[in-house]
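Please load the model in a viewer and keep a selection panel at hand. The tour below proceeds stop by stop, naming what to select and what is found there.

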Amino acid sequence: MLPVGRSAEREVKVDGRHYRSIWCAGEGQAVEVIDQPRLPHLFEVRALESLEDAAQAIESMVVRGAPLIGAAAAYGVALAMREATSDEALERACRRLLSTRPTAANLRWALEEMLAALRNRHRDERVEAAYRRAAQLCDEDVELNAAIGRHGLAILQDLASDKPPGQPLNVLTHCNAGWLATVDWGTATAPLYLAHDLGLDLHVWVDETRPRNQGALTAWELGHHGVAHTVIADNTGGHLMQHGLVDVVITGSDRTTGTGDVANKIGTYLKALAARDNAIPFYVALPSPTIDFSLGDGLSGIPIEQRDPAEVSGVTGRTENGDIARVEVFAPGSAVANYAFDVTPGRLVTGLITEAGVAPASPEGLAALFPQRARAATQQR
Ligand code: MRU
């Protein structure tokens, strides 16, 4: 476990500096983020100066990952309050931000937190209160992920104790549930960073995660932290599992129902099926704002985002001369569909790693960890 008293802040990460994925700059009212579509080839910081900047950054996935979407939306409300502080402006800002992406539960959650902090405040106090609450939500996200790391670490240490000496613990992860997807630490990666820092012999299989290749973000993060890893094509996981080369799968989640069904990046379900067929533990790491207790069945209840087909029909990368360029993959004329997420039923999940502990992916499991929220949801039904 993380030694008591150790800060939830992480070590230096990029070019000798510690970064979070979102922060305030200047006089404290400018918001800055890492321009994620430019990674891993270019590390660039982008300023968000208005409500519309924040909304477009979420839509275009300059910021992405469920917890970071929530954090960016919170700052989006603060930026909106700089433009106008009326009730109508507040509600309009929340509506605009809510419309940006449909699947991540953290978006609505963060906006509700902002509304609760601002609704009953005098208009003159709203700008300051909005920045304060957004900053708190970010700090809380860091703490939640650090706690997920501590609970996940215990699982990794347990699994590692069964490995023959000299053999690393092989973890497979899908998409980027790393510090770039949260404010810091990441969800699925928090236990990996802690385990690595404590000297556990670890190797991570990183799925490429087509169509947007968020695996490149995970590989970039792990590389900067010094964690041994190998990038694999999305279809490789099942083969590795059949050959004993995966000890555990850990993914993140964009929305988890009160019954333990998990929406995560497209392809997660296939990894869960392969893991079950090969008796490999499949864990999902998530902070409680990702849980949507109002939903029972994930398949019918969780809205699955469909994005621009161009994300499937083309890829962007770095050319030999160092330029960033997009190329087309398919001949023109074929219809292309781009489902961004899928739902893994709770029955395929070994456990949900949350800030409050590890729970079975079931109504009872989640209610035991978060009794108040589960009870409130039951009463509202
Ligand atoms: O479409 P994205 O990049 O926002 O999707 C991100 C994921 O699916 C992550 O795995 C998920 O948000 C968990 S992040 C901590």
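What volume does the second largest pocket have? The second largest pocket has a volume of about 410 Å³. This is a predicted model, in which local features need pLDDT of at least 70 and side-chain atom pairs count only at pLDDT 80 or more, while totals for chains, interfaces and linings use all residues. Residues are numbered from 1 along each chain as its sequence is written, and side-chain values use heavy atoms, with hydrogens and water left out.

**Stop 1: the second largest pocket**

Select Glu112, Ile291, Asp292, Phe293 and Arg373, which lie nearest the centre of this pocket among its 15 lining residues. A pocket is defined on a 1 Å grid over the protein atoms alone, as an open set of points where a 1.4 Å probe fits, with protein on both sides within 12 Å along at least five of seven lines; lining residues have an atom within 4 Å of a point. The volume is the space filled by probe spheres set on the points, which are joined across faces, edges and corners.

Next, colour helix H4 (105-118), strand S11 (291-292) and helix H13 (371-380), each of which supplies at least two residues of the lining. Helices (H or I, at least four residues) and strands (E, at least two) are DSSP runs, numbered from the N terminus. H4 gives the most to this lining, with five residues. By type, the lining comprises seven nonpolar, two polar and six charged residues. In this scheme Ala, Val, Leu, Ile, Met, Phe, Trp, Tyr, Cys and Pro count as nonpolar, Asp, Glu, Lys and Arg as charged, and the others, Gly among them, as polar.

**Stop 2: the largest pocket**

Move to Pro37, Pro211, Arg212, Asn213 and Thr316, the residues nearest the centre of the largest pocket, which has 24 lining residues. The elements that give two or more residues to this lining are helix H7 (215-225), helix H11 (310-313), strand S12 (314-318) and strand S13 (324-328). S12 gives the most, with four residues. The space in the largest pocket is about 570 Å³, and its lining divides into ten nonpolar, seven polar and seven charged residues.

**Stop 3: salt bridges**

How many salt bridges does a search of the whole structure find? The search finds 19 salt bridges, each being a side-chain nitrogen of Lys or Arg within 4 Å of a carboxyl oxygen of Asp or Glu.

Display Arg20 and Asp139, whose side chains meet in a salt bridge at 2.8 Å, N to O. The pair links distant parts of the chain, 119 residues apart: Arg20 lies in the segment before strand S1 (22-25) and Asp139 in helix H5 (residues 126-160). Is each partner buried or exposed, or in between? Arg20 counts as buried because its relative accessibility is 17%, whereas Asp139 counts as partly exposed at 39%. Buried means under 20% relative accessible area, exposed over 50%, and partly exposed in between (1.4 Å probe, protein chains only).

Then select Asp87 and Arg126, which form a salt bridge at 2.7 Å, N to O. Asp87 in helix H3 and Arg126 in helix H5 are 39 residues apart, so that distant parts of the chain are linked. Asp87 is partly exposed, with a relative accessible area of 45%, and Arg126 is buried, with a relative accessible area of 2%. For a wider selection, take Arg101, Arg212, Glu305, Arg307 and Glu311, which are joined into one network by salt bridges that share partners.

Finish this stop at Glu52 and Arg96, whose side chains form a salt bridge at 2.8 Å, N to O. Glu52 in helix H1 (residues 51-59) and Arg96 in helix H3 (residues 87-98) are 44 residues apart, and the pair links distant parts of the chain.

**Stop 4: the sheets**

Switch to a cartoon display and select the open sheet of seven strands, in the order S6-S5-S4-S7-S10-S15-S16, with mixed pairing. Its edge strands, strand S6 (229-232) and strand S16 (357-359), each pair on one side only. Two strands pair if DSSP finds at least two bridges between them. The twist averages 25° from one strand to the next; axes are lines fitted to C-alpha atoms, and angles run from 0 to 180 degrees between N-to-C directions. Within this sheet, strand S10 (residues 282-285) and strand S15 (residues 351-354) run parallel and are joined by three bridges. Label Tyr283, which stands opposite Gly351 in S15.

The last selection is an open sheet of three strands in the order S1-S2-S3, with antiparallel pairing. S1 and strand S3 (45-48) are the edge strands, each pairing on one side only, and the twist averages 35° from one strand to the next. Strand S2 (residues 30-34) pairs with S3 over four bridges in the antiparallel sense. Val31 stands opposite Leu48 in S3.
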